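Work through the exercises below with the sequence and the structure in view. Try each task before reading its solution.

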Amino acid sequence: MTSFIIRLLVNGFALWVATRIVDGVTISSDSTSSEILTLLVVALIFGLINAFIKPVVQLLSLPLLILTLGLFTLIVNALMFELTSWIADALDVPFHVDDFFWSAVLGALVVSFVSWLLNLLLPN
């Protein structure tokens with residue numbers, strides 16, 4: 001349970017960094033507590049998508065992943081980021097990714113990098 005909470009907080013922080021760095025990734029909330037709650041909900045959605053949907057998409061896109069020597073992973077990550085935005089919008093969570101290509105790809109890159117860095121620093 002502790003590992004789940006740590007991963008949720010790491011994803012939430014990575015998403016917050018993405019909202020600060022990438023122009024097309026936004027959270028529209030009126031208070032700090034609302035923004036934190038939104039980040040935690042979006043981190044939960046993002047974590048569930050990465051746990052259940054991303055492996056299926058990677059398996060189905062395996063020929064493209066091999067053909068591009070893994071670079072297609074950037075597109076898969078952007079798709080998962082855009083799907084997170086779509087589900088958040090459907091649930092009335094104020095998280096939005098403007099356009100697929102630039103905002104989603106850059107946002108997914110920032111989230112991946114920050115999550116990787118924090119997972120290196122935090123104990124298992």
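**Exercise 1. State how much surface the protein chain exposes and which atoms supply most of it.**

Solution. The model is a predicted one. Step 1: the exposed area of the protein chain is about 7700 Å². Step 2: carbon and sulfur atoms account for 72% of that area. Step 3: on the residue level, 35% of the 124 residues are buried, where buried means under 20% relative accessible area.

**Exercise 2. Decide whether the radius of gyration of the protein chain agrees or disagrees with that of a compact globule.**

Solution. Step 1: a compact globule of 124 residues would have a radius of gyration near 14 Å. Step 2: the protein chain has 14 Å, so the value agrees. Step 3: along the principal axes, the C-alpha atoms fill a box of roughly 45 × 35 × 25 Å. Step 4: take the contacts with a separation of 6 or more; 69% of them join residues 24 or more positions apart.

**Exercise 3. Count the helices and strands, and write down their order.**

Solution. Step 1: the protein chain contains 6 helices and 2 strands. Step 2: read along the sequence, the pattern is α-β-α-α-α-α-β-α.

**Exercise 4. Compare the length of H1 with the expected span, then find what covers its buried residues.**

Solution. Step 1: H1 has 20 residues, and at 1.5 Å a residue the expected span is 28 Å. Step 2: from first to last C-alpha, H1 reaches 29 Å, which is close to that value. Step 3: the buried residues of H1 include Leu8, Val10, Asn11 and Leu15. Step 4: among the elements that cover the buried residues of H1 are S1, H2, H5, S2 and H6.

**Exercise 5. Identify the residues of the largest nonpolar core that touch the most other members, and list the contacts of Val111.**

Solution. Step 1: this core has 27 residues, and Leu15, Phe81, Phe95 and Val111 touch the most other members. Step 2: two or more core residues come from each of helix H1 (2–21), strand S1 (25–27), helix H2 (32–52), helix H5 (72–90), strand S2 (95–97) and helix H6 (100–121). Step 3: leaving out residues up to four places away in sequence, Val111 touches Ala14, Leu15, Ala18, Phe46 and Phe81.

**Exercise 6. Locate the annotated transmembrane regions and describe the chain over residues 60–80 and 100–122.**

Solution. Step 1: an unreviewed UniProt entry annotates residues 34–53, 60–80 and 100–122 as "transmembrane region". Step 2: residues 60–80 are 76% helix and 0% strand, with end C-alpha atoms 14 Å apart. Step 3: residues 100–122 are 96% helix and 0% strand, with end C-alpha atoms 31 Å apart.

**Exercise 7. For Leu69 and Asp92, give phi, then the place in the chain, then say whether each is buried or exposed.**

Solution. Step 1: phi of Leu69 is near 55 degrees, positive although the residue is not glycine. Step 2: Leu69 sits in the loop between helix H4 (62–67) and H5. Step 3: the relative accessible area of Leu69 is 77%, so Leu69 is exposed, the cut-off being over 50%. Step 4: phi of Asp92 is near 60 degrees, again a positive value in a residue other than glycine. Step 5: Asp92 lies in the loop between H5 and S2. Step 6: with a relative accessible area of 70%, Asp92 is exposed.

Key
Residues are numbered from 1 along each chain as its sequence is written. This is a predicted model: local features need pLDDT of at least 70, side-chain atom pairs count only at pLDDT 80 or more; totals for chains, interfaces and linings use all residues. Side-chain values use heavy atoms; hydrogens and water are left out. UniProt positions are given in the numbering used here, feature names are shortened, and annotations may be inferred rather than shown by experiment. Helices (H or I, at least four residues) and strands (E, at least two) are DSSP runs, numbered from the N terminus. A nonpolar core is a set of buried Ala, Val, Leu, Ile, Met, Phe, Trp, Tyr and Cys residues joined through side-chain atoms within 4.5 Å. Buried means under 20% relative accessible area, exposed over 50%, partly exposed in between (1.4 Å probe, protein chains only). Contact means heavy atoms within 4.5 Å. The expected span of a helix is 1.5 Å times one less than its number of residues. The radius of gyration is taken over C-alpha atoms; the globule rule is 2.2 Å times the number of residues to the power 0.38. Accessible areas come from the Shrake-Rupley method with a 1.4 Å probe; for residues, only the protein chains shown count as cover.
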